[in-house]
Each structure stands twice: as C-alpha cells, then as structure tokens.
Amino acid sequence: SGLEGPRSDHLAGGLRFGVLGPVAVWTADGQPLTVPERKVRALLAVLLVHAGQPVAASRLIDDLWGDQLPEHPANALQTRVSQLRRALAGEARHGRDLVVWQRPGYLLRVEPAAVDAAAGDPRISAGRLAEALALWRGPAYADFATEPFPRAAIDRLEEERLAALEDQAEARLALGEQVALVGELAGLVVRYPLRPRLRAAY
C-alpha cells in the first residue's frame, strides 16, 4: 500500500521517494527514512519537482528562503545539501551520491520509477489504475502546499489523479460495476462539478 511506500524494482540507491502526500522517503524494505529539518526536506522537495534535471543554485536559494535570505546564502545551501546527502547515505548504498553538483546547481539522481508520482501516471494500463491511485497518501507535496515552488507540479499531479479516476470509472462501468460506482461518483461529481467525464460516467 501507499503507507508502506511505493513499490518498484528500479530504485535510486535503494530508496523510494513519495510526493503523493507529504514528501517522504522509504528504504528498499519499505521503512520510512527520516530527513531532518524542514529546510532540508524542502531542498529534497524542490529537487523532486525537477527530478533528473539540475536546478540552479540561485533557484534553490530562492525556493528555500525567498525574501528571508540567510547571511551567506551559498554557504547555507551547501550546508543543507550536505545534510540531505548524509540523511540519504544513512540507509542507502551510494545514497550520498544521489545529490550531485551539475551546472548550474544540483541534481537529484533518481529514476522515475523510484518516485511514486511516476507510478501514478494515468497513461499506464487500465489494469493498474487502482494500484496507481492507492499510492496517494493525501494532496501532492502536502507539507509544502503553501510554498510557490511545487505549485505547477501539484496542479499537474492533481490533474493526472483526476484523469486516472475518470479512466478507472469508465473501465469499471465497462465491467458492469455500476452499483458500486454510483455512490463513489456522486461524491466526486459534487467535489469536481466541472469534470465532464466524471459527470458522463455518473
């Protein structure tokens, strides 16, 4: 289940990352890994938003501190990077190597399959929709929802979740599950009144 961490055979240094809910990290055997200090978790969240792509140091500083810059921003960022590397290295083989310097900033070396958001993409086969939707532990990037940096990712992931719900509803209707669906869809239609596919399924 999503509470145990997303399952995948393709891991980043033996770790799995979750953004479909509060930002989380799990070890290969599904145990939660603690990333201490909010700024360090925020750094991880920013790198996950741009997973596989380098993020400029200036962008990281702006996302982490905004207008409340520390006295030496570059040094403060380096400290948080070192703390994140230590946290990831504590449980994962090569974990320290997951956060690397790559111009113009830092890169989280993570395969898409090691992040729950990739497994939840609604383009996967209909047979895995229920499994994909079960990965959601709450709103995406829930612990950073008020920050500006994950907003585009949150909106994209929520759209993908709703599309997956619509795909699932249509697939279940084709299987004759109308009675079980009617109650579920009634609540969704009230919550998302402007989704024509949900209305059509209902």
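Reader: How many residues sit between β4 and β5 in their hairpin?
Author: There are 2 residues between them. Strands here are DSSP runs of E with at least two residues, helices are runs of H or I with at least four, and both are numbered from the N terminus. This is a predicted model, where local features need pLDDT of at least 70, side-chain atom pairs count only at pLDDT 80 or more, and totals for chains, interfaces and linings use all residues. Residues are numbered from 1 along each chain as its sequence is written, and side-chain values use heavy atoms, with hydrogens and water left out.

Reader: Which residues stand opposite each other in β4 and β5?
Author: Trp 101 faces Tyr 106, and Val 100 faces Leu 107. β4 (residues 99–102) pairs with β5 antiparallel, over 4 bridges. Pairing requires at least two DSSP bridges between two strands.

Reader: What is the strand order in the sheet?
Author: It runs β3-β5-β4, an open sheet of 3 strands with antiparallel pairing. β3 and β4 are the edges, each with a single partner strand, so one side of each has no neighbour in the sheet.

Reader: Which helix packs on that sheet?
Author: Helix α1 (residues 38–49), touching β3, β4 and β5. Contact means heavy atoms within 4.5 Å. The α1 direction makes about 75° with that of β5. Axes are lines fitted to C-alpha atoms, for helices over the stretch in contact, and angles run from 0 to 180 degrees between N-to-C directions.

Reader: And β3 with β5, how many bridges?
Author: 2 bridges, antiparallel. Ala 56 stands opposite Gly 105 in β5.

Reader: Switching to α3. What is its reach, first C-alpha to last?
Author: α3 (residues 73–89) reaches 24 Å with 17 residues, close to the 24 Å expected. The expected span is 1.5 Å times one less than the number of residues.

Reader: Which α3 residues are buried?
Author: Ala 76, Leu 77, Arg 80, Val 81, Leu 84, Arg 85, Ala 87 and Leu 88. Buried means under 20% relative accessible area, with a 1.4 Å probe and protein chains only. They pack against β1, β2, α1, α2, β4 and β5.

Reader: Where is pLDDT lowest and highest among the elements?
Author: Helix α4 (residues 116–119) has the lowest mean, 81, and β3 (residues 55–56) the highest, 98. pLDDT is the predictor's confidence in each residue, from 0 to 100. Over residues 1–11 it is below 50. That stretch still has 24 contacts in the model beyond near neighbours in sequence.

Methods:
Buried means under 20% relative accessible area, exposed over 50%, partly exposed in between (1.4 Å probe, protein chains only).
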